[in-house]
Amino acid sequence: MNKDQNKNKDLAVVLVVGKDRSGIVAQISDFLWKEEINIEDISQKIMQGIFVMAMLVDLAGARSDLGVLAPKLEKLGEKIGLSVQIQHHRIFEAMHRV
Amino acid sequence: MPLNVSLEEIYETYRMTEKEHFDIRAVTLGINLLPCTSDNFSQLLNRVEKKIVTTARQFVKRAEKIDARFGIPIINKRLTITPAALVLSGALTGAAAEDRKRVVAFAKLLDHCAQEVGVDFLGGFGALSEKGMSYADQTLIDAIPEALGSTEKICGFINLASSKAGINMRGVAKIGGIIRDLALNSENAIGAAKFVVFANAVSDNPFMAGGFHGVQEADNVLNIGISGPGVVRRTVEAAPRDLPLNEIAEIIKKTAFKITRAGELVGQELARNLGVRFGSLDLSLAPTTAVGDSVGRILEAMGLERVGTHGSTAALALLTDAIKKGGLMASSHIGGLSGAFVPVSEDVGLSEAVKTGTLTIDKLEAMTTVCSVGLDMIPVPGDTKTTTISAIIADELAIGMMNNKTTAVRLIPVPGKKAGEMVSWGGLLGEAYIVPLHQENSDYFIWRKGQIPAPVTSFRN
């Protein structure tokens, strides 16, 4: 990873878990677009029959911070019948990288 | 930039926080009150109030901000202070009745400060008396039932033994009565849940009720307590039934590593934000009443039909050690108690095992030789003799003294209740069945008082 390039970024991971169906990516990215959040990368997979999608997003230019976004995403998740969570990217680096 | 952690890893973190109750159990700001000492009592009160309120004013707000930023819940925000007997000693007059009033007034002031800054608890209302009690120590301890009974957020402690000094049996004899009075002085005996007796107490413990800010610490220090019995239980449950125990230890170690790293990140960030020193990180599996968040259940997941049966001590030894190893690898700030707690009323698995009679006071005592604290949150019959309470404490302190480890006792004699009856405190303190004790008395042993000499292993000079 190029550190200089990322130094102004405030990265977080949006995790979507639930039953696979059409339109999930569209609905989540629509929300992120309205919040002026840039999507850096997307990865998805079916794990033990559950749809799991992670989006790496940059909150640097976002309208609101993670504390405000988290409940909004949770609500969006309830609306579309999926669990949608957001956590800071540094948590994952701390936990899973020595 | 591309995602540099795998989906499996992200999903694991999500599951830990969302489903398995991984959290930062406590962020505890230690405040040195020694600069506030004065021989003028009202001046002392003014200085202490000013010091606590100015130091901790932003504490709760900033902790909430960090919680929101990282998405890992911070459950409790607490303060610890220099042991209160040291802070008060210069402002006592020598007239016992007047000094007792001053001790209670001091507790009330601290309670007021804790309310003012919005913390859950304030710990450190106690004394370090393993070798003897000063006048201030005695006055403070005598006033404990009234001081803790008439305040909401104050937690007290007394250190009555160490591997270096032995056990202060005069203090132990006295404290049995104090605990009984404390129980009588509060609704449902709950006051006794706010007071801990220690051997080898540590100065940087972020957990309550035994936390205090030791005199060897810097002025303002942030200590972090992280927990996650639910996370460990699930990883053990998910392992195959025939997986050898060394590999179970390996799984627990890795899990402990991960949760410690997340805790350290949050702790460092909060300390930087507050402009205070990051003290220590205490990874202790501290059960809560939430289903599955139980140390008893972890031991059962290893293959015991019910916790308390034969094999429980070995299983707990494996667990405590694996947690310590994972934590030590993850952070060079590991301190406090670090290990597994076995608080009976707060842990669904332990509480059930007491009800069925599998977990007895003797087995609990044996288990505390390998856990990180001691006899914790144990409700005992209300008519228990004070000498019996003292004798239970003496046993537990002896384990700490002989094994160079911290041990503690938090017994709750519940008035009017008999062995086997249920007591419910609600909330975090949970509910439990009264643990039966031996009926034979220990009177003459306790009445001898004096000092149990330090063990031979302490003479290393």
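## Chat on a two-chain predicted model

Me: Starting with Ser162(B): is this residue buried or exposed?
Reply: Buried, because Ser162(B) has 23 C-beta neighbours inside 10 Å. The cut-off for buried is 20 or more. Bear in mind that this is a predicted model.

Me: Which strand is Ser162(B) found in?
Reply: Ser162(B) is in strand β4 of chain B.

Me: And what does Ser162(B) touch, leaving out residues up to four places away in sequence?
Reply: Glu130(B), Ala199(B), Asn200(B) and Met401(B).

Me: How far is Ser162(B) from Ala398(B), C-alpha to C-alpha?
Reply: They are separated by 8.9 Å. Along the chain, the two residues are 236 residues apart.

Me: Met401(B) came up. Which residues of α15(B) are buried?
Reply: Met401(B) is one of them. The others are Thr387(B), Thr388(B), Ile389(B), Ser390(B), Ala391(B), Ile392(B), Ile393(B), Ala394(B), Glu396(B), Leu397(B) and Gly400(B). That makes twelve of the 17 residues, so α15(B) is largely enclosed by the rest of the structure.

Me: What span should helix α15 have, end to end?
Reply: It covers residues 386–402 of chain B. At 1.5 Å a residue, its 17 residues should span 24 Å, and the end C-alpha atoms are 24 Å apart, which agrees.

Me: What comes just after α15(B)?
Reply: Asn404(B), which takes a positive phi of about 50°.

Me: Switching helices. Which residues are buried in α2(B)?
Reply: Leu44(B), Leu45(B), Val48(B), Ile52(B), Thr55(B) and Ala56(B). They fall within an arc of 125° seen down the axis of α2(B), so they line one face of the helix.

Me: Why would spaced-out residues point the same way?
Reply: An α-helix has 3.6 residues a turn, so residues three or four places apart point the same way.

Me: What sits on the face of α2(B) turned away from its buried side?
Reply: The exposed residues Ser42(B), Lys50(B) and Thr54(B).

Me: And what covers the buried residues of α2(B)?
Reply: The cover includes β1 (23–31), α3 (59–70), β2 (74–81), α5 (96–117) and β7 (220–227) of chain B.

Me: Domains next. What does the assignment give for chain B?
Reply: Domain 1 (24–199) and domain 2 (225–458). Their C-alpha centres lie 23 Å apart. The contact between them takes 43 residues from domain 1 of chain B and 49 residues from domain 2 of chain B.

Me: Which element gives the most to the domain 1 side of that contact?
Reply: α8(B), with eleven residues. By class, the domain 1 side has 28 nonpolar, ten polar and five charged residues.

Me: Now the two chains. How many residues does the contact take from each?
Reply: 27 residues from chain A and 21 residues from chain B. On the chain A side, α4(A) gives the most, with six residues. That side has 15 nonpolar, seven polar and five charged residues.

Me: What ipTM does the predictor give the complex?
Reply: An ipTM of 0.88, with a pTM of 0.91.

Me: And what is the mean pLDDT of chain B?
Reply: The mean is 93, and 100% of the residues of chain B reach 70 or more.

Me: Which element of chain B has the lowest mean pLDDT?
Reply: Strand β9 (residues 339–340), at 84. Strand β5 (residues 166–168) has the highest, at 98.

Notes. Residues numbered from 1 in each chain as written. Chains lettered and ligands numbered in written order. Predicted model: local features only at pLDDT ≥ 70, side-chain atom pairs only at ≥ 80, totals over all residues. Contact = placed C-beta atoms within 7 Å. Helix = DSSP H or I, 4+ residues; strand = E, 2+ residues; numbered from the N terminus. Nonpolar A, V, L, I, M, F, W, Y, C, P; charged D, E, K, R; others polar. Arc of directions from axis to C-beta. pLDDT = per-residue confidence, 0-100. Domains from an automatic or database assignment. Expected span 1.5 Å × (residues − 1).
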